[in-house]
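Let's take a walk through this structure together, one contact at a time. Have a look at the sequence and the model first, and then we'll start.

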Amino acid sequence: QVQLVESGGGLVQPGGSLRLSCAASGIIFSIYAMAWYRQAPGKQRELVASITRGGRTTYADSVKGRFTISRDDAKTTVLLQMNSLKPEDTAVYYCNKGGGATMFPWGQGTQVTVSS
């Protein structure tokens, strides 16, 4: 029943921008803190950015000042605006809850590749 569908990834040159979207269904979206995570090949999944139900945001140091997370509860969507992209941002990006021991089922993610 729970479904998280990420979209908006692609191939972009260093310094470029992408806007990722996560559409959620099967949950009462507005009660959850939400977050973006990413996983690069051979590395652990890491938290990129989170946003509480009240709109307070937190960012990993590596993306601070470059990425912006936002949410639209009416559309049950969480967004990630990514600017000044670097090759080290290359990863599969996922959305999920912003906290708690048990995550929702992971979606397929969306691939972001930053390369010249």
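Before we start, one yardstick: a residue counts as buried when its relative accessible area is under 20%, as exposed when that value is over 50%, and as partly exposed in between. By that yardstick W106, at 32% relative accessibility, is partly exposed. Keep in mind that what you're looking at is a predicted model.

Let's begin with the cysteines. There is one disulfide in the structure, and it joins C22 to C95, with 1.7 Å between their sulfur atoms. The link between C22 and C95 is right-handed, with 50 degrees about the S-S bond. Where do C22 and C95 sit along the chain? C22 belongs to strand β3 (residues 18-25) and C95 to strand β9 (residues 91-97), so the bond ties together parts that lie 73 residues apart in sequence. Are these cysteines buried or exposed? C22 is buried, at 0% relative accessibility, and C95 is buried too, with a relative accessible area of 0%.

Now for the rings. The model holds three aromatic pairs. One of them is Y32 with F104: their ring centres are 5.0 Å apart and their planes meet at 80 degrees, so this pair is edge-to-face. Y32 and F104 come from distant parts of the chain, 72 residues apart, with Y32 in the loop between β3 and β4 (34-39) and F104 in the loop between β9 and β10 (110-114). As for how much of each is accessible, Y32 is partly exposed at 24%, while F104 is buried at 11%.

Y94 and W106 make another pair, and here the centres are 5.9 Å apart with the planes at 80 degrees, so this one is edge-to-face as well. Y94 lies in strand β9 and W106 in the loop between β9 and β10, so the contact ties together parts that are 12 residues apart in sequence. Y94 is buried, with a relative accessible area of 12%, whereas W106 is the partly exposed residue we began with, at 32%. Add Y37 to Y94 and W106, and you have one aromatic cluster.

Stay with that cluster a moment longer, and bring in an arginine. Which rings does R45 sit over? The charged end of R45 is over the ring of Y94, 4.9 Å from its centre. R45 also lies over the face of W106, at 3.7 Å from that ring's centre.

Note on methods:
Residues numbered from 1 in each chain as written. Predicted model: local features only at pLDDT ≥ 70, side-chain atom pairs only at ≥ 80, totals over all residues. Heavy atoms only, no water. Disulfide = S-S within 2.5 Å. Helix = DSSP H or I, 4+ residues; strand = E, 2+ residues; numbered from the N terminus. Buried < 20%, exposed > 50% of the residue type's maximum accessible area, 1.4 Å probe, protein only. Phe/Tyr/Trp six-rings, centres within 6.5 Å; stacked < 30°, edge-to-face > 60°. Lys NZ or Arg CZ within 6 Å of the ring centre and 35° of its normal.
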